[in-house]
Amino acid sequence: MGKVIVWNLVTLDGYFEGTKKWDLDFHNRAWGPELEALSLEFGDKAQALVFGRVTYEGMAAYWPTAEGEGQVKTYMNALPKIVASRTMEKADWNNSRVVRDVAAELRRLKGESEKNVYIFGSADLVASLLPEDVVDEIMLCLVPVQLGDGTPFFKKAVAAKRFSLLEARPLSNGCVILRYATQAA
């Protein structure tokens, strides 16, 4: 049975983007051979990628024409992609489809394959899925930067949620990969 794994880069003060949409300059502090290897691992282990509408639109604008991204670009463009949206009618990026009831779709996908489903970015989508107990793991790259303002990754929760540490792996550039298993409510 595959897992649903949330993946994101966050700053020490909890932001996953700066004050403007797609303000991701702090990612440059994190990127390097170790994060590239992890990205390739995601591509090998992924059954599908899942995005909220806003994240999908940004990814779909970037990856088809990205330069210098090698095998990561190949994975991003080739893997099946699911867009969680109640407003989009169609998704034009290669191998993409729109799903309205994403929690039900993720439960179905988990049972169909040993491969994982990865949710990239998509803070609002993650906030909606955590109470549904469909997410198995939260995986973060903690970037040693303080932005002071921006878009927080974790939104206000309706109830407390517990997580169990699976791994804390420091990278040579000072970032830390943190993996947490979710616990059912």
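The following paragraphs describe the nonpolar cores and the largest pocket of a predicted model. Local features need pLDDT of at least 70 and side-chain atom pairs count only at pLDDT 80 or more, whereas totals for chains, interfaces and linings use all residues. Residues are numbered from 1 along each chain as its sequence is written, and side-chain values use heavy atoms, with hydrogens and water left out.

The largest nonpolar core (buried Ala, Val, Leu, Ile, Met, Phe, Trp, Tyr and Cys residues joined through side-chain atoms within 4.5 Å; buried means under 20% relative accessible area with a 1.4 Å probe, protein chains only) has 31 residues. W7, L35, M76, F120 and C141 touch the most other members. Among the elements that each supply at least two residues of this core are β1 (4-11), α2 (33-45) and β7 (137-143); helices (H or I, at least four residues) and strands (E, at least two) are DSSP runs, numbered from the N terminus. Leaving aside residues up to four places away in sequence, W7 has contacts (heavy atoms within 4.5 Å) that include L35, F120 and C141.

The largest pocket holds about 1,400 Å³ of space. A pocket is an open set of points on a 1 Å grid over the protein atoms alone, where a 1.4 Å probe fits, with protein on both sides within 12 Å along at least five of seven lines; lining residues have an atom within 4 Å of a point. Grid points are joined across faces, edges and corners, and the volume is the space filled by probe spheres set on them. Of its 48 lining residues, W22, T55, M59, F120 and G121 lie nearest the centre of the largest pocket. Helix α3 gives the largest share of this lining, six residues.

Notes. Buried < 20%, exposed > 50% of the residue type's maximum accessible area, 1.4 Å probe, protein only.
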